[in-house]
Amino acid sequence: MQKRSGLRRPKKKRSHPGDVSVRALFLVGFMGAGKSSVGRALGERLGWTFVDLDERIERREGRTVAELLRTSGEQKFRRAERAALRELLKELQSGSAMIVALGGGAFVQKENAAGIKSIGVPTVFLDAPVAELWGRCQQQRSSQQVDRPLLIDAQSFQGLYDARRPGYLKASLRMETSGKDAAGVAAEVARAFDLDRRKGV
Ligand code: S3P
């Protein structure tokens with residue numbers, strides 16, 4: 001039998017058909033966790049819209065997240081992130097079927113986590129050993145020129161991961177992604193929340 005690593009049931013009442021909670025899902029976790037690639041794979045699998053919060057921020061602000069962080073600083077970036085998330089939560093309340101990938105720092109901001117919790121949408125913490133997360137980020141930097149201003153050195157990366165982990169663990173489910181590809185993780189998430197029966201719904 002497939003092991004459901006770290007599965008913790010949401011504390012809220014179980015979702016029922018028609019609930020917004022079974023029509024949307026948030027992917028959270030540290031840089032390099034695979035939130036965007038798993039989100040895209042899951043969106044395709046279910047026929048649900050995929051939303052990358054960082055892309056939403058970039059559209060709203062007319063600048064890349066990296067530019068925003070470098071020129072305006074982290075505080076202003078977090079403000080823009082909160083505003084983009086608030087906008088998205090309103091859309092979700094109207095019942096759109098959506099997979100959302102959050103940026104690595106979004107879910108550990110208390111106001112953001114509370115907003116997501118208040119609409120009863122499940123959250124999945126995609127996790128991996130920090131050395132693997134670091135390796136994936138290095139690879140994305142060299143092969144895809146992914147620009148992450150908060151990626152400084154291995155030591156600060158580890159420190160930030162350790163500081164954020166308790167926040168990530170507040171997600172409805174922790175999923176180990178080590179050595180797995182995006183499609184495989186998407187399949188596991190779909191299974192854990194019985195989402196395949198809601199394809200295209
Ligand atoms: C951040 C992670 C990034 C992006 C921004 C800040 C963070 O997203 O939101 O650079 O604080 O960890 P990814 O997790 O997709 O890299």
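Colleague: What makes the approach of Arg148 to the ligand a polar contact?

Modeller: A polar side-chain atom of Arg148 lies 2.7 Å from an oxygen atom of the ligand. A polar contact is a pair of N or O atoms within 3.5 Å, so this pair counts as one. Please keep in mind that this is a predicted model.

Colleague: Which atoms of Lys35 and Asp54 come into play at the ligand?

Modeller: For Lys35, a polar side-chain atom is 2.7 Å from a ligand oxygen. For Asp54, an N or O atom of the side chain is 2.8 Å from an oxygen atom of the ligand. The protein covers 93% of the 390 Å² of accessible area that the ligand has on its own.

Colleague: Which residues are the closest around the ligand?

Modeller: The ligand is surrounded by 13 residues, and the closest are Lys35, Asp54, Arg78, Arg148 and Arg164.

Colleague: What do we know about the second largest pocket?

Modeller: Its volume is about 780 Å³. The lining of the second largest pocket is made of 32 residues, and closest to the centre are Ser36, Asp52, Asp54, Val146 and Arg148. Helix 1 (35-46) is among the helices that each supply at least two lining residues, and helix 1 gives the most, with 4 residues.

Colleague: How is the lining of the second largest pocket divided by class?

Modeller: There are 11 nonpolar, 10 polar and 11 charged residues in that lining.

Colleague: Why is Arg136 called buried?

Modeller: The relative accessibility of Arg136 is 18%. Buried means under 20%, so Arg136 falls in that class. Arg136 sits in helix 6, and a polar atom of its side chain lies 3.3 Å from the backbone oxygen of Ala33.

Colleague: Why is Gln109 called partly exposed?

Modeller: Gln109 has 23% relative accessibility. Buried would need a value under 20% and exposed one over 50%, so Gln109 counts as partly exposed. You can find Gln109 in the loop between strand 3 (98-101) and helix 5 (110-118). The C-alpha atoms of Gln109 and Arg78 are separated by 8.6 Å, while the two residues are 31 residues apart along the chain.

Colleague: What is the phi of Gln145, and what makes it worth a remark?

Modeller: Gln145 has a positive phi of about 55°, although it is not a glycine. Most residues other than glycine have a negative phi. Gln145 lies in the loop between helix 6 (130-144) and helix 7 (154-168).

Colleague: Why is Gln145 called exposed?

Modeller: The relative accessible area of Gln145 is 61%. Exposed means over 50%, so Gln145 qualifies.

Colleague: How does Asp194 fare, in phi and in accessibility?

Modeller: Asp194 also is not a glycine and has a positive phi of about 55°. Asp194 belongs to the segment after helix 8 (182-192). With 43% relative accessibility, Asp194 lies between the limits of 20% and 50%, so Asp194 is partly exposed.

Colleague: And how many helices and strands does the protein chain have?

Modeller: The protein chain has 8 helices and 5 strands. From the N terminus on, the order is β-α-β-α-α-α-β-α-β-α-α-β-α. Of its 201 residues, 46% count as buried.

Terms used
Residues are numbered from 1 along each chain as its sequence is written. This is a predicted model: local features need pLDDT of at least 70, side-chain atom pairs count only at pLDDT 80 or more; totals for chains, interfaces and linings use all residues. Side-chain values use heavy atoms; hydrogens and water are left out. Buried means under 20% relative accessible area, exposed over 50%, partly exposed in between (1.4 Å probe, protein chains only). On a 1 Å grid over the protein atoms alone, a cavity is a set of points where a 1.4 Å probe fits but cannot get out, and a pocket is an open set with protein on both sides within 12 Å along at least five of seven lines; lining residues have an atom within 4 Å of a point. Grid points are joined across faces, edges and corners, and a volume is the space filled by probe spheres set on the points. Ala, Val, Leu, Ile, Met, Phe, Trp, Tyr, Cys and Pro count as nonpolar, Asp, Glu, Lys and Arg as charged, and the others, Gly among them, as polar. A residue is near a molecule or strand if one of its heavy atoms lies within 4 Å of it. A polar contact is a pair of N or O atoms within 3.5 Å; within protein, one must be able to donate a hydrogen and the other to accept it, and residues adjacent in sequence count only if both atoms are side-chain atoms. Accessible areas come from the Shrake-Rupley method with a 1.4 Å probe; for residues, only the protein chains shown count as cover.
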